[in-house]
Amino acid sequence: MKNVITITAGHSNTDPGACNGLSREADIAADMRNMVAHYLKTAGVEVRTDGEGKRNLSLSQAVTLIKNSAVAVEFHCNSVSDKRATGVEALASSNHKTISQKLCKAVADEMAIPLRGDKGWKPENAGFHHRLAYVSNGGIILELFFISNDDELAIWYAKKWLIARAVAQVLIGVAND
Ligand SMILES: [Zn+2]
């Protein structure tokens, strides 16, 4: 089971997360999960998810998927009142620092946005989100970009398949390691 990749969508069908206009964090997270899952399956990687399509299970259910996977990543967007805030970051324990930095670099290069924290990595207590159960159970929370930043949100819609492919390539590397 060591090469199973788990990818889950932040928030849930009952919790939209952060919003900007009509865009909702939970929808972006599910979209990202679905696209990354597509690329992983195409590459022959065994993948676990917290739903397909618009289905997005709760955090407590997502956490149960982490065990026995090579890596588990949950997708989120950052959001703050200052609309200029920018960049990608991953919240994870220090044993996932290197993979967190690779995931962040993939997003940063594709979107042309900055790396936050230590080349993208931040310790689990540094985030705006307090869904640390995912991190304390061995997962990585990937805050793709700021949904509150109109420019970053526009880049997401323009390039989301490319962003998903870049992230999937990092995960395929882990699965085949
Ligand atoms: Zn979130």
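**Cysteines**

I started with the disulfides in this predicted model, and the count came to zero. I was asking for a pair of cysteine sulfur atoms within 2.5 Å. Cysteine 77 is in no disulfide, and its nearest cysteine sulfur, on cysteine 19, sits 10 Å away. I then tried cysteine 104, which is in no disulfide either; the nearest cysteine sulfur there is that of cysteine 77, 13 Å off. Since a disulfide here needs the two sulfurs within 2.5 Å, I crossed both off my list.

Next I wondered: are these two cysteines buried or exposed? Cysteine 77 has a relative accessible area of 1%, so I noted it as buried. Cysteine 104 comes out at 0%, so that one is buried as well.

**Overall layout**

I went through the secondary structure of the protein chain and found five helices and eight strands. Reading along the sequence, I wrote the pattern down as β-β-β-α-β-α-β-β-α-β-α-β-α. The radius of gyration is 14 Å, close to the 16 Å that the globule rule gives for 177 residues, so I have the chain down as being as compact as a globular protein of that length.

For the dimensions, I have the C-alpha trace spanning about 40 × 35 × 30 Å along its principal axes. Of the 177 residues, 53% are buried. The accessible surface comes to about 8000 Å², and carbon and sulfur atoms account for 52% of that. I also looked at contacts between residues at least 6 apart in sequence: 78% of them join residues at least 24 apart.

**The sheet**

What is the strand order in the open sheet? I get six strands in the order β4-β1-β5-β8-β6-β7, and the pairing is mixed. The edges are β4 (47-49) and β7 (121-122); each has a single partner strand, so one side of each is left without a neighbour in the sheet.

I then zoomed in on β1 (residues 5-9) and β5 (residues 71-78), which pair in the parallel sense over five bridges. To pin down the register, I looked up alanine 9 and found that its bridge partner in β5 is phenylalanine 75.

**Helices on the sheet**

Which strands does helix α3 lie across? I found α3 (residues 97-111) across β5, β6 (89-91), β7 and β8 (140-146), and it runs at about 20 degrees to β8. Helix α5 (residues 150-175) lies across β1, β5 and β8, and I have its angle to β8 at about 155 degrees.

While on α5, I picked out alanine 158, which is found in that helix. Its relative accessible area is 64%, so I put it down as exposed. I also checked its spacing to methionine 111: the two are 47 residues apart in sequence, with 9.5 Å from C-alpha to C-alpha.

**Positive phi**

Last, I looked at backbone angles. Histidine 11 is not a glycine, yet its phi is positive, near 65 degrees. I placed histidine 11 in the loop between β1 and β2 (19-20), and at a relative accessible area of 7% it is buried.

Asparagine 68 also has a positive phi, about 70 degrees, although it is not a glycine. I found asparagine 68 in the loop between α2 (59-63) and β5. With 52% relative accessibility, asparagine 68 goes in my notes as exposed, whereas histidine 11 is buried.

Definitions and conventions: Residues are numbered from 1 along each chain as its sequence is written. This is a predicted model: local features need pLDDT of at least 70, side-chain atom pairs count only at pLDDT 80 or more; totals for chains, interfaces and linings use all residues. Side-chain values use heavy atoms; hydrogens and water are left out. Two strands pair if DSSP finds at least two bridges between them. Helices (H or I, at least four residues) and strands (E, at least two) are DSSP runs, numbered from the N terminus. Contact means heavy atoms within 4.5 Å. Axes are lines fitted to C-alpha atoms, for helices over the stretch in contact, and angles run from 0 to 180 degrees between N-to-C directions. Buried means under 20% relative accessible area, exposed over 50%, partly exposed in between (1.4 Å probe, protein chains only). The radius of gyration is taken over C-alpha atoms; the globule rule is 2.2 Å times the number of residues to the power 0.38. Accessible areas come from the Shrake-Rupley method with a 1.4 Å probe; for residues, only the protein chains shown count as cover.
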